[in-house]
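User: I'm new to this structure and would love a close look at one part of it. Could you pick a helix, walk me through it, and then show me what lies around it?

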Amino acid sequence: MLLALAVLWEVLVRFKVAEIQFLPAPSEIATAAQDALAGGELLGRIAHTLGVTILGWGIASTIGVALGLLLGLSPLAYRYSMTSFEVTRAIPPITFVPAALLVFGFSLKMELVLVIYGGIWPVLINTIGGVRSIAPELRDVGRMLRLSRLETIRKVVFPAALPAILVGLRLALSLCLVLAIVAEMVGNPAGIGNGLISARQALQPALMFVYVIVAGLLGVALNAGLRASARALLPGNVVKDVAAP
Amino acid sequence: MANDPSYECRGLRADVGSRRGPRRLVLDDVSFEIAKGEFVSIMGRSGVGKTTLLRTLAGLHEASAGSVVRFDGQPVSGPPDGVSLVFQDYTSSLLPWRTVAKNVELPLEGRLPTEERRSRVAEALKMVGLADRSDAQPHELSGGMQQRVQIARALASQPAALLMDEPFGALDALTKADLEDQLLEIFAATGTTVVFVTHDIEEAVYLSDRVLVLDGTPAQIVAEIPVASPRPRTQMLTRESSEFLEARHRVHEVIFGT
Amino acid sequence: MTQRLRFDSLLGLFPLVLLLGAWQLLGDPESPFFPAPSSWWPALFKLGQGDKIIPAILDTVRTFGVGLLGATVLGVALGLSIGVSRTVGRAVGPTFEFARALPPAAIVPVASLLLGFDETMKVVVVVLAALWPILLNTSSGVQELNPVLLDTARSLRLSRRRTLFGVLVPSVMPAIVLGVRVATPIALVITLLVEYLTAVNGLGALVGDAQRTFQPAKVYALIVITGVLSLVVNSLVRSVEEAVRRRRVGERR
């Protein structure tokens with residue numbers, strides 16, 4: 001199907017059946033991809049975007065899980081702060097781009113801050129949901145077996161909430177990639193996002209398509225990587241939800 | 001010393017809160033004693049407060065001020081040492097990410113050396129007839145087997161008292177009969193005190209030395225019926241004996257009023 | 001009950017209020033990065049720009065609304081055909097899988113190059129981004145449908161049209177509504193993003209302008225406005241979902 005579409009597209013553009021200005025044929029895109037790869041520029045940009053995404057996601061996940069466990073376990077903390085989180089979460093992270101630009105300037109710091117900020121939310125919300133939906137019996141089991149508070153969190157609460165947490169981690173990973181690209185497009189002059197904008201300014205539509213496709217492939221690859229590591233690290237019955245598309 | 005009770009309740013009151021509305025008094029002035037090594041069933045209509053009573057004995061539910069609840073002479077506040085609880089809902093009380101053996105080992109972790117933990121787990125699993133399934137995941141087992149795992153987990157800490165909340169309520173009749181007999185064997189072998197909540201008259205009479213009947217709102221103990229059938233008991237002979245039939249008749253009378 | 005709930009949610013605002021209060025009281029009033037909250041609102045109306053706010057909000061709401069509607073129509077149509085026909089599902093599966101993974105942000109520069117800087121381009125991008133949750137929820141809703149339902153329609157010899165609009169669409173309605181609810185914040189975010197990146201009208205363009213002309217107080221004020229807008233939109237969609245759910249419960253009774 002994908003192949004058939006590409007062939008159709010090539011034919012249409014080649015024979016000028018459909019003439020849209022700046023629409024490159026797939027063969028032109030392939031040539032542009034080869035050039036970009038040969039120059040090493042493409043790989044460098046991929047490495048940058050991938051690095052920032054994973055680093056930011058890692059930090060966001062740590063903060064999100066820790067805060068989520070606290071809010072999920074302590075009714076007091078939940079009561080006295082949840083609305084604040086709900087309200088703040090409602091503000092689309094994209095709107096913070098200008099604020100981040102003002103405060104941090106055109107820098108890697110700005111990109112990283114944005115990625116971390118956006119990535120925290122799905123992890124936090126899913127962790128809270130996971131912890132709060134644990135069957136009350138399971139909490140009683142922890143008390144009845146006289147596990148300490150720390151033991152209960154480590155051995156009962158965390159594993160029970162893990163499927164929900166993993167869903168949050170997966171959502172966060174896609175979001176972190178998007179935010180990294182946005183930040184690169186408007187702020188930090190590096191990575192795939194910046195590549196897109198430069199290609200646009202140089203009026204190289206074929207190269208733009210290369211970057212768009214690379215961005216899509218990165219998304220697919222990150223997702224697959226997360227699923228594979230979840231499957232490798234966790235027992236089979238926990239990963240059902242993550243393995244689902 | 002042997003005459004010291006395992007559990008002692010005097011004037012026990014307990015209320016439960018619901019999300020909407022005020023707290024509701026479910027138990028009022030409940031008093032009884034349970035001797036060490038005794039098997040006592042608590043019966044009553046559903047919603048009467050059996051589970052609240054059991055949770056209070058387990059230290060999971062706090063009794064109202066002025067109530068006396070003692071286990072082994074000590075007032076109960078929080079789950080006491082030496083008491084294990086078996087929940088009705090085995091699916092949500094086993095940890096699905098742990099194997100059978102790891103589930104049974106949970107209460108022993110950090111308390112006993114590895115070698116001793118292993119032998120305790122093996123012993124407990126052998127008692128419930130699951131020695132060969134120790135590496136299985138809970139979801140691979142039938143309901144009856146999962147409930148056995150929960151019982152093994154309760155036994156692993158070698159409890160002085162075993163509290164059971166309608167443990168066989170969700171099982172089919174044949175599995176239930178099997179597990180009842182197994183429980184009687186365990187009871188005979190370990191000499192532990194058992195407090196057993198059920199709404200099945202036959203089951204209560206078959207297993208117990210004594211049946212306590214809760215009734216009313218708030219509930220009180222309205223009858224205490226001893227079961228004279230000798231042990232060891234067997235499904236067929238015991239259920240046909242005159243002692244069994246007489247006790248069953250009396251429990252029926254108390255609950256249904258005829 | 002509701003009063004108690006409302007009181008509880010107010011308690012939850014405590015940290016946010018504390019933060020803003022501390023910002024107001026302890027912050028440096030001359031700070032170029034963190035202007036005090038009290039200066040946000042006046043900044044909106046400085047330089048005679050107050051009259052730009054309302055049109056910008058309307059622009060954003062229109063792009064968002066048209067985009068979400070388009071995504072819903074397209075998503076339901078595609079979702080139904082994929083759900084009903086296994087062949088269609090298998091044929092387009094991998095293509096969709098890839099298209100779904102494309103970060104919408106990356107599409108913006110390409111779309112603006114091909115389609116130009118106008119309303120159509122903005123709506124196209126929003127539709128492309130908001131389509132997926134609706135499509136996937138609809139198709140899995142159809143697949144999870146009890147086959148007896150379709151057999152019933154067939155045995156009653158209902159026309160294709162009646163089967164589609166009388167049986168199929170109503171029974172997957174909850175799945176569709178769920179998809180729309182998930183798509184709502186996405187559509188809003190992408191609307192703002194397109195506006196910000198292309199500087200074509202709307203709140204996003206306004207924030208971008210405030211940032212490029214270095215007016216931090218105005219940036220923060222606009223952040224607050226988008227937050228309120230997003231809260232309103234989300235709760236609207238949630239109440240629609242609630243209404244659909246309640247009607248279904250009513251039917252069953």
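Analyst: Here is a walk along one helix of chain A, then across to chain B.

Please keep in mind from the start that this is a predicted model. The helix to look at is α9 of chain A, which covers residues 149-186. How far does α9(A) span between its end C-alpha atoms? A straight helix of 38 residues would span 56 Å at 1.5 Å a residue, but α9(A) spans only 46 Å. If you follow the helix with your eye, you will find a bend of about 55° at A:Leu162. A proline, A:Pro163, follows within four residues of that point.

Now for its surroundings. Is α9(A) mostly covered or mostly open? It is mostly covered, with 28 of its 38 residues buried. To picture a helix like this, it helps to recall that an α-helix has 3.6 residues a turn, so residues three or four places apart point the same way.

The same helix also takes part in the contact between the two chains. Chain A brings 15 residues to that contact, and chain B brings 15 residues as well. On the side of chain A that touches chain B, the elements giving two or more residues are α8 (136-144) and α9 (149-186). The largest share there, six residues, is from α8(A). By character, the residues on this side of chain A are nine nonpolar, five charged and one polar.

Across the contact is chain B, whose secondary structure amounts to nine helices and 10 strands. Its radius of gyration is 18 Å, close to the 18 Å that the globule rule gives for 258 residues, so chain B is as compact as a globular protein of that length. Along the principal axes, the C-alpha atoms of chain B fill a box of roughly 50 × 45 × 45 Å. Of its 258 residues, 41% count as buried. Taking contacts in chain B between residues at least 6 apart in sequence, 68% join residues at least 24 apart.

One more feature of chain B is worth finding: four strands make an open sheet in the order β2-β1-β4-β5, with antiparallel pairing. Its edge strands, each pairing on one side only, are β2 (24-35) and β5 (74-75). Inside the sheet, β1 (residues 5-16) and β4 (residues 68-71) of chain B pair over four bridges. To see one such partnership, look for B:Cys9, whose bridge partner in β4(B) is B:Val69.

Conventions:
Residues are numbered from 1 along each chain as its sequence is written. Chains are lettered from A and ligands numbered from 1 in the order in which they are written. This is a predicted model: local features need pLDDT of at least 70, side-chain atom pairs count only at pLDDT 80 or more; totals for chains, interfaces and linings use all residues. Two residues are in contact if their C-beta atoms, placed from the backbone, lie within 7 Å. Ala, Val, Leu, Ile, Met, Phe, Trp, Tyr, Cys and Pro count as nonpolar, Asp, Glu, Lys and Arg as charged, and the others, Gly among them, as polar. The expected span of a helix is 1.5 Å times one less than its number of residues. The bend at a residue is the angle between axes fitted to the seven residues ending there and the seven starting there. A residue is buried if 20 or more other C-beta atoms lie within 10 Å of its own, exposed if 12 or fewer, and partly exposed in between; C-beta atoms are placed from the backbone. The radius of gyration is taken over C-alpha atoms; the globule rule is 2.2 Å times the number of residues to the power 0.38. Two strands pair if DSSP finds at least two bridges between them.
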